Amino acid sequence: CCECNQHWHASCGNLKGTNGLNQATVDKISKEWMCPWCWVCPFAKPGSHSSNLNENSLLEKTLTCSLLQKLTDAVAEGIEKSTLPPPIDLSGLESQLENLSKEVQELKLRDPDPIFS
C-alpha cells in the first residue's frame, strides 16, 4: 500500500486475477495502490447495497449494546445508592460493651449477698 506501506497478498488486497500481470504492470499498480484499509471510495454506496445494510445493522447493534451498558450501569448505581443504609457509628457501642463486660466481671467476683443465699 502506498499509504501505510502494508504488504498484502494479491487476493487479500482485492487484486484477484493479477497473477498473470507482467512486472511493469505490477510496479505501476503498486506505486499508487491503496490497501482496503486506506482506500476510500469517492462515490456513495446505494442504500440497498449489502455492505451498506451490514454497516447500518452493525451501527444499530453497537448503539444498542452501548446504550444497554450505560442503562445497566445507571440502574446498578441507583440500586446501590438506594439500598445501602447510612453508615452507623459504632464507637459508642464499643465503649459501652467494655463497661458492661467490666461490670459483669465485678459481679462475678463479688461476694454473694447473704439475703439471696
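These legends go with a set of close-up views of one predicted model.

**View 1. The whole chain is built from helices.** The secondary structure here comes to 3 helices and 0 strands, so if you walk along the sequence you meet the pattern α-α-α. The chain has 117 residues, and buried ones make up just 5% of them. About 10,900 Å² of the chain is exposed, with carbon and sulfur atoms supplying 60% of that area. Now take the contacts between residues at least 6 apart in sequence: 61% of them join residues at least 24 apart.

**View 2. How confident is the predictor, on average and helix by helix?** Across the chain the pLDDT averages 76, and 78% of the residues score at least 70. Among the elements, helix H3 (residues 91-109) has the highest mean, at 86, while H1 has the lowest, at 72.

**View 3. Cys35 sits in a loop and is tucked away.** You'll find Cys35 in the loop between helix H1 (23-32) and H2. Cys35 is buried, because its relative accessible area is 0% and the limit for that label is under 20%. Which residues does Cys35 touch, once its neighbours within four places in sequence are left aside? They are Cys1, Cys4 and Trp8. His7 is worth finding too: Cys35 and His7 are 28 residues apart in sequence, but their C-alpha atoms are 8.6 Å apart in space.

**View 4. Pro36 shares that loop.** Pro36 also belongs to the loop between H1 and H2. Is Pro36 buried or partly exposed? With a relative accessibility of 44%, Pro36 counts as partly exposed. Look for Cys1 as well: Pro36 and Cys1 are 35 residues apart in sequence and 9.0 Å apart in space, C-alpha to C-alpha.

**View 5. Cys4 and Cys38 do not make a disulfide.** A disulfide is a covalent bond between the sulfur atoms of two cysteines. How many disulfides does this structure hold? The count is 0. Why does Cys4 have no such bond? Its closest cysteine sulfur, in Cys38, is 3.7 Å away, which is too far for a bond, because a disulfide needs the two sulfur atoms within 2.5 Å. Cys4 is partly exposed, with a relative accessible area of 36%, whereas Cys35 is buried.

**View 6. A nonpolar patch lies on the surface.** Four residues form this patch: Leu68, Leu71, Val75 and Ile79. Together they offer about 380 Å² of accessible area. To get your bearings, start from Leu68, which lies in helix H2 (residues 50-83).

Notes: Residues numbered from 1 in each chain as written. Predicted model: local features only at pLDDT ≥ 70, side-chain atom pairs only at ≥ 80, totals over all residues. Heavy atoms only, no water. Buried < 20%, exposed > 50% of the residue type's maximum accessible area, 1.4 Å probe, protein only. Helix = DSSP H or I, 4+ residues; strand = E, 2+ residues; numbered from the N terminus. Contact = heavy atoms within 4.5 Å. Areas by Shrake-Rupley, 256 points an atom, 1.4 Å probe, with all protein chains shown as cover. Patch = residues over 30% accessible without salt bridge, like charges linked within 9 Å, V, L, I, M, F, W, Y side chains within 5 Å. Salt bridge = Lys/Arg side-chain N within 4 Å of Asp/Glu carboxyl O. pLDDT = per-residue confidence, 0-100.
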